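The following note sets out points for a colleague who is examining this model at the bench. It proceeds element by element.

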Amino acid sequence: MKFAGLPALLLMGMVTAALAAAKPNLLLIVSDDLGYSDLGCLGVTPVRTPTLDRLAAEGVRATSFYVTAPACTPSRGSILTGRYPQRHGLYDLMRNDLVNYGHRYTPMEYAVSPEMTLGLDPREVTIGDVLQRAGYRTGMVGKWDMGQARRFLPLQRGFHCFYGFGNGGIDYYTHERYGIPSMFRGNERTEADKGTYTTELFKREALRFIRESRGQPWFLYLAFNAPHSAASFPTPTAEAGGSTRPGKRPAAVGVQAPEKYAALYRDQVRDEKLARYYGAITCMDEAIGEVLALLREQGEAGNTLVVFLADNGGNRSTGNAPLRGGKGQLFEGGLRVPFIAWWPGRLPAGRVCDDFLSALEIFPTLAKVAGAKPDRKIPLDGFDMMPVLRGEQPSPRCELFWEWRNQQAARVDDWKWVASGREGGLFDLRTDWGEQRDRADEQPDCRQRMQARFAAWRAAMEASEPRGPFRDY
Ligand SMILES: [Ca+2]
């Protein structure tokens, strides 16, 4: 035997080193409110996304990939913890709604507002925690949205590095939320980059993190705020007398995009806000292109798993055709999102995967690929999806459930049941992705079965550990 005679300790060291070398890098890219149809390769909208198109052509694109909530915070909590929002505790947004009625927060008011005092329960274990323990250098760049008090920030939640913002949205240029500077480096707020478009900054920091991580396995959670609407004070309108009047909801700014990118679309769309929405996507696409170019330049492309998805469906104003509804709704437009996985040599090129998958699968997949062992005492709601993405086995997922404010929904196999106020119904997704034909009257047994499965899931969630800030009172 080749290694006969080598001291056992030396041999063990060689094996450990070989295992460390085998650990791939992990790049998890999340886009904010990107609609299901807004990938150039789908040809549904005029948007141009050459980088993401190439990623899909060289990797696997999933067509039936769902998030756990139709809005940012709960969905992102599931990506980070591998658990339904009803388990991890953040099942709604953390934001200061008074601003919608013209209230301007002072820094002191903001310090004690929900945006500052709420966050992901410190008892939750993030994918960053798990990968850090497995020897990864972990970085978070972009929209964190898991709380801004120090105990909630990425450095305390499994990440070695953080550049980004802790709340749900900021102005792309001033980086302010309600007039409060909201960009962080590490645990400290910074205004050093004020005036620069966020996508540019997040690209810069992603490149920096990857360069600084050479020689060790790394995990980068790169969460762009594009193409989410800017979220600071709305623009004062002439109608409101040039100021934000108490009691009147002012006009929102919408998506911000550098002129160079918005200009690409003005001839094709009448709506200026839509031109900026597509512009913000193309700008993000170019930023991702530069990150991938660095991986190729470093010779790390074959050693890096890249996962791309959106945190929830597109805003209804940008459209999610052919899907029904959008952000904030439990129709497919709010929940079914673009998803691409890319790993040259390890995932097939150009494969389109129609299997039923969800964001709950991301945590177990990344942990498995990294050889990390999540704590068995914490229930996870997903599974390692690599064999499904490779086409080696069908997805074991046959159910997924959602509860968001006053709406409930379930998908069981190819049936979808939605109860959303006066809207809703029972839909056969095999023939009706657009959820246009309500089959509830024709299929009463099926509807009953869906509702029973939902009730069973709801009971399981209620019985799960009652933790999370929204459950403690
Ligand atoms: Ca979002």
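1. The model is a predicted one. A useful place to begin is a pair of glycines: glycine 142 stands opposite glycine 164, the latter belonging to strand β4. Next to this, helix α2, residues 50–58, packs on the sheet and touches β2 (60–66), β10 (304–310) and β11 (339–342). The direction of α2 makes about 60° with that of β11.

2. The glycine pair belongs to a parallel pairing, in which five bridges join β3 (residues 137–143) to β4 (residues 161–165). A further opposed pair involving β4 is valine 141 and tyrosine 163. Strand β4 also pairs with β7 (residues 183–185), here in the antiparallel sense and over three bridges. In β7, phenylalanine 184 is the bridge partner of glycine 164.

3. How much of β4 is covered? Five of its five residues are buried, and the strand is thus described as mostly covered. Cys161, Tyr163 and Phe165 lie on one side, with Phe162 and Gly164 on the other, and both faces are covered.

4. As to the sheet as a whole, ten strands form an open sheet with mixed pairing, in the order β8-β7-β4-β3-β9-β1-β10-β11-β2-β12. Strands β8 (188–189) and β12 (351–358) stand at the edges; each has a single partner strand, so one side of each is left without a neighbour in the sheet.

5. Helix α2 deserves a closer reading. Its buried residues are Thr51, Leu52, Leu55 and Ala56. These residues cover an arc of only 135° around the axis and therefore lie on the same side of α2. An α-helix has 3.6 residues a turn, so residues three or four places apart point the same way. Among the elements covering the buried residues of α2 are β2, α10, β10 and β11.

6. The contact between α2 and α10 can be described further. The axes of the two helices come within 7 Å and cross at roughly 55°. This angle makes α2 oblique to α10. On the α2 side, Pro50, Thr51 and Leu52 take part, and they meet Asp285, Glu286, Ile288, Gly289 and Leu292 in α10.

7. Helix α3 (residues 72–81) is mostly covered, with ten of its ten residues buried. The buried set includes Arg76 as well as Cys72, Ile79 and Leu80. What do the buried residues of α3 pack against? They pack against β1 (25–31), α4 (85–88), α7 (127–133) and α12 (362–369). Just after α3, glycine 82 takes a positive phi of about 75°.

8. The nonpolar interior is the last point. The largest nonpolar core has 123 residues, and Leu220 and Leu222 have the most contacts inside it. Helix α10 (residues 272–297) supplies the largest share of this core, twelve residues. In soluble globular proteins, nonpolar side chains tend to be buried together. Apart from residues up to four places away in sequence, leucine 222 touches Leu27, Leu28, Ile29, Val141, Gly142, Phe202 and Ala206. Two of these names have appeared above: Val141 stands opposite tyrosine 163, and Gly142 stands opposite glycine 164.

How values were computed. Residues are numbered from 1 along each chain as its sequence is written. This is a predicted model: local features need pLDDT of at least 70, side-chain atom pairs count only at pLDDT 80 or more; totals for chains, interfaces and linings use all residues. Two strands pair if DSSP finds at least two bridges between them. Helices (H or I, at least four residues) and strands (E, at least two) are DSSP runs, numbered from the N terminus. Two residues are in contact if their C-beta atoms, placed from the backbone, lie within 7 Å. Axes are lines fitted to C-alpha atoms, for helices over the stretch in contact, and angles run from 0 to 180 degrees between N-to-C directions. A residue is buried if 20 or more other C-beta atoms lie within 10 Å of its own, exposed if 12 or fewer, and partly exposed in between; C-beta atoms are placed from the backbone. A nonpolar core is a set of buried Ala, Val, Leu, Ile, Met, Phe, Trp, Tyr and Cys residues joined through C-beta atoms within 7 Å. The arc is that of the directions from the helix axis to the C-beta atoms. Angles under 35 degrees count as roughly parallel, over 145 as roughly antiparallel, 65 to 115 as roughly perpendicular and the rest as oblique.
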